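Let's work through a few exercises on this structure together. Have a look at it first, then try each task before reading its solution.

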Amino acid sequence: MKETQFSIEINASKDSVWTTLWEDTTFRDWANIIDEGTYMKGVLKEGNEIQFISSVSGYGVTSLIEKLTSNEFVLFRHGADTKESGQQEREKEWTGGKESYSLTEKNGVTTLIVKIDIPQEQEETFNIRFPKALERIKTLAEKMQ
């Protein structure tokens, strides 16, 4: 896996960006750009396991929320690749990878930095889709202002 970093500046508060990232409706909106039909199952709380699952393919990943500071930072450690809507394990494409979202705000502008370990075979797809997802997060968060 290769750690890749994406970032964007958003004309919105950290609170608005955080809500856009993790509230169910907006999460589904932007995550759909990366993997069609993606939703999150579980409670966003440090120490909890959470699942990211595609309702279209049924594939997903179960992740541990390793560190969480609300409205500022979250670190996921991907523990198991899944299929059948998270019910069964599958090949270990994402297992062991990390994914973090970091927010800093200055003068009403929030910088969102995403660091993600990407399997080599997914690198090209993520380099195309993730910047588009960040643009969608920006649009959604700025509308909330």
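**Exercise 1. Which residues form one aromatic cluster?**

Before we start: this is a predicted model, where local features need pLDDT of at least 70, side-chain atom pairs count only at pLDDT 80 or more, and totals for chains, interfaces and linings use all residues. Residues are numbered from 1 along each chain as its sequence is written, and side-chain values use heavy atoms, with hydrogens and water left out.

Step 1. Take the pairing rule: rings of Phe, Tyr and Trp (its six-membered ring) pair if their centres lie within 6.5 Å; planes under 30 degrees apart count as stacked, over 60 as edge-to-face and the rest as tilted.

Step 2. Apply that rule and you get 12 aromatic pairs. One of them is Trp-22 with Phe-27, a stacked pair with 6.0 Å centre to centre and 25° between the planes.

Step 3. Now collect the cluster: Trp-18, Trp-22, Phe-27, Trp-30, Phe-52, Phe-76 and Tyr-101.

Step 4. Check the burial of the stacked pair. Both Trp-22 and Phe-27 are buried (buried means under 20% relative accessible area, exposed over 50%, partly exposed in between, with a 1.4 Å probe and protein chains only).

**Exercise 2. Compare the expected span of helix α3 with its end-to-end distance, then look at its bend and its buried side.**

Step 1. Find the helix. Helices (H or I, at least four residues) and strands (E, at least two) are DSSP runs, numbered from the N terminus, and α3 covers residues 123–144.

Step 2. Work out the span, which is 1.5 Å times one less than the number of residues. For the 22 residues of α3 that gives 32 Å, and the end C-alpha atoms are 31 Å apart, so the two agree.

Step 3. Look for a bend, meaning the angle between axes fitted to the seven residues ending at a residue and the seven starting there. You'll find a kink of about 25° at Arg-129, shortly before Pro-131.

Step 4. List what is buried in α3: Glu-123, Phe-126, Phe-130, Ala-133, Leu-134, Ile-137, Lys-138, Leu-140 and Ala-141. Their cover includes β1 (2–10), α1 (14–22), α2 (24–34), β7 (98–106) and β8 (109–118).

**Exercise 3. How many salt bridges does the structure hold, and which parts of the chain do some of them link?**

Step 1. Start with the idea: side chains of opposite charge can pair when their charged atoms come close. Here a salt bridge is a side-chain nitrogen of Lys or Arg within 4 Å of a carboxyl oxygen of Asp or Glu. The structure holds six.

Step 2. Take Glu-123 and Lys-2, whose side chains meet at 3.1 Å, N to O. This pair links distant parts of the chain, helix α3 and strand β1, 121 residues apart. Lys-2 is partly exposed, at 44% relative accessible area.

Step 3. Next come Asp-29 and Arg-136, at 2.7 Å, N to O. Asp-29 sits in helix α2 and Arg-136 in helix α3, so this bridge ties together parts 107 residues apart in sequence. Asp-29 is partly exposed at 27%, and Arg-136 is partly exposed at 26%.

Step 4. Finish with Arg-77 and Glu-66, whose closest N and O atoms are 2.8 Å apart. Strand β5 (residues 73–83) holds Arg-77 and strand β4 (residues 60–69) holds Glu-66, so the pair joins parts 11 residues apart in sequence.

Conventions
Contact means heavy atoms within 4.5 Å.
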